[in-house]
Amino acid sequence: MNVENRPRPVFDPAIGGDDRALLAAAPERLVAACLPPPPPPRLRAATVLARLVWIPAFAVFYGVLPGGWLRMCFLASLDDDELLGGAVRWGRLPVLAMMLTPALQIILLLSGQVRAVAVLAAVSFAGWVIGALRHVREPAAARAAREHHGRYLLPADFDGPAARLLVRAQRAIDDVLRSQAHGAGLLDDVNNAVVLPCQEWAVAGALAEHTRLRRERLAQQPERLSPRVRALLEPQDRALELSVRSVTGRIEALEAYARRAREADDAYHEAKVLQGLPEQNARYRDLLASTVGDEMAGAEIRGLAEDARRAETALRERVTRALRAGHDLAVPADAPGVSPRRAR
């Protein structure tokens, strides 16, 4: 599958915004719906033992001892250009804590506040233990990829014909969402931010099911089946063909909407140009008044105004056609042949 026919991952719109952002930011953790879901993390005895030793040692070094200063001095001695960048990646609070805690301990010791030093050391130790435990748990992106497996679809879930159809749908959706008419709010009546992701998911779900059925048919090795058995499979082939036609029709509707949005873009551009006509008309009026007779000048100015009215009418008509094409897409998500199915 080449890059042009490689669709982007598609996510179920019902996935929460936070989890969806995690999934989109970590595509390497996603597992195709046609594959088994990723297993939950398992802790081996060796891992548990290593953490029982490593986490307290880590907390003592950074939370009680001047480990932060030692680390900074050691890295500085190596002329590490990424010294500050490496420290900042810890976050402001951990860096401040590991830098200030030893200084506060020394001040308290010099002041004879031994109990306060012990309390500070205990609090710092507990804080670093909690931070280490949060660090070693299952990454949030890995958890989201495991819990939502089957609710996102990857290029591996689509064969060649399905991938090409999905790419067509995604290009049409992108054209609408990137259009000036959408950005200016001329198409907001269709609620593209809601309708189009649902359309993309419905199309992707149907195409993934088509792919699964075609792969199952290939695995059956039809060439090895008798004519009688192949005849029994023909109704299935016709059902698949009808579903493909239905999804193709929905994709063509998306493409028609994208064309209408582009037409609205052209009209919107014309409207922006016409916004400057009043000022330009005044300048042309002065020009005509100084060079030709009043009657001829008035006719020219009326012609400019008529052109402006025609362009405004064209804009309204094109936006209306685009909105009509968009409303045609707002069909129920469970329409025959296009309902997304959760892969298992």
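In this predicted model, Leu153 touches Arg8, Pro9, Val10, Ala33, Phe158, Trp201, Ala204, Gly205 and Ala208, leaving aside residues up to four places away in sequence. Leu153 sits in strand S2, which covers residues 152–153. Leu153 is buried because its relative accessible area is 2%, and buried means under 20%. Cys34 is 119 residues from Leu153 in sequence, yet their C-alpha atoms are 8.8 Å apart in space.

Leu153 also belongs to the largest nonpolar core, which has 32 residues. Leu153, Phe158, Leu166, Leu187, Val203 and Leu207 touch the most other members of this core. Four helices each supply at least two of its residues: H8, H10, H11 (227–275) and H13 (294–327). H8 gives the largest share, eight residues. Another core lies apart from this one. That other core has 10 residues, including Leu23, Leu30, Ala145 and Tyr152. Leu187, in the largest core, has its own set of neighbours. Residues up to four places away in sequence aside, Leu187 touches Ser179, Ala181, His182, Asn192, Tyr257, Ala261, Ala322 and Leu323.

The setting for these cores is a chain of 13 helices and two strands. The chain has 344 residues, and 35% of them count as buried. Contacts often span long stretches of sequence. Among contacts between residues at least 6 apart in sequence, 82% join residues at least 24 apart.

Two helix pairs show how such packing is described. Two packed helices are described by the angle between their axes and the distance between the axes. The pair H8 (residues 160–177) and H10 (residues 192–219) packs at an angle of about 175 degrees, with axes 9 Å apart. H8 is therefore roughly antiparallel to H10, since angles over 145 degrees count as roughly antiparallel. On the H8 side, the contact is made by Pro161, Ala162, Leu165, Leu166, Ala169, Gln170, Ile173, Val176 and Leu177. On the H10 side, Asn192, Leu196, Glu200, Val203, Ala204, Leu207, Thr211 and Arg214 take part. By class, the contact of H8 with H10 has 12 nonpolar, three polar and two charged residues.

The second pair is H1 (residues 17–25) and H7 (residues 140–147). Their axes come within 9 Å and cross at roughly 105 degrees. H1 is therefore roughly perpendicular to H7, because 65 to 115 degrees counts as roughly perpendicular. Asp19, Leu22 and Leu23 make the contact from H1. Ala140, Ala141, Arg143, Ala144 and Ala145 make it from H7. By class, this contact of H1 with H7 has six nonpolar, no polar and two charged residues. Ala25 is also in H1. Ala25 is exposed because its relative accessible area is 63%, and exposed means over 50%. The C-alpha atoms of Ala25 and Ala141 are separated by 8.2 Å, although the two residues are 116 apart along the chain.

H10 can be followed along its length. This helix has 28 residues and reaches 40 Å from its first C-alpha to its last. That span is close to the 40 Å expected at 1.5 Å a residue. Glu200 lies in H10. Glu200 is a charged residue, yet it is buried, with a relative accessible area of 9%. Beyond residues up to four places away in sequence, Glu200 touches Arg8, Val10, Gln170 and Ile173. Gln170 and Ile173 are among the H8 residues that make the contact with H10.

Arg217 lies in H10 too. Its relative accessibility is 17%, so Arg217 counts as buried. Residues up to four places away in sequence aside, Arg217 touches Pro222, Leu233, Gln236 and Asp237. Gln236 is 19 residues from Arg217 in sequence and 9.9 Å away in space, C-alpha to C-alpha.

After H10 comes Gln221, which is found in the loop between H10 and H11. The phi of Gln221 is near 50 degrees, a positive value in a residue other than glycine. Gln221 is partly exposed because its relative accessible area is 30%, which falls between the buried limit of 20% and the exposed limit of 50%.

Note on methods: Residues are numbered from 1 along each chain as its sequence is written. This is a predicted model: local features need pLDDT of at least 70, side-chain atom pairs count only at pLDDT 80 or more; totals for chains, interfaces and linings use all residues. Side-chain values use heavy atoms; hydrogens and water are left out. Axes are lines fitted to C-alpha atoms, for helices over the stretch in contact, and angles run from 0 to 180 degrees between N-to-C directions. Angles under 35 degrees count as roughly parallel, over 145 as roughly antiparallel, 65 to 115 as roughly perpendicular and the rest as oblique. Contact means heavy atoms within 4.5 Å. A nonpolar core is a set of buried Ala, Val, Leu, Ile, Met, Phe, Trp, Tyr and Cys residues joined through side-chain atoms within 4.5 Å. Buried means under 20% relative accessible area, exposed over 50%, partly exposed in between (1.4 Å probe, protein chains only). The expected span of a helix is 1.5 Å times one less than its number of residues.
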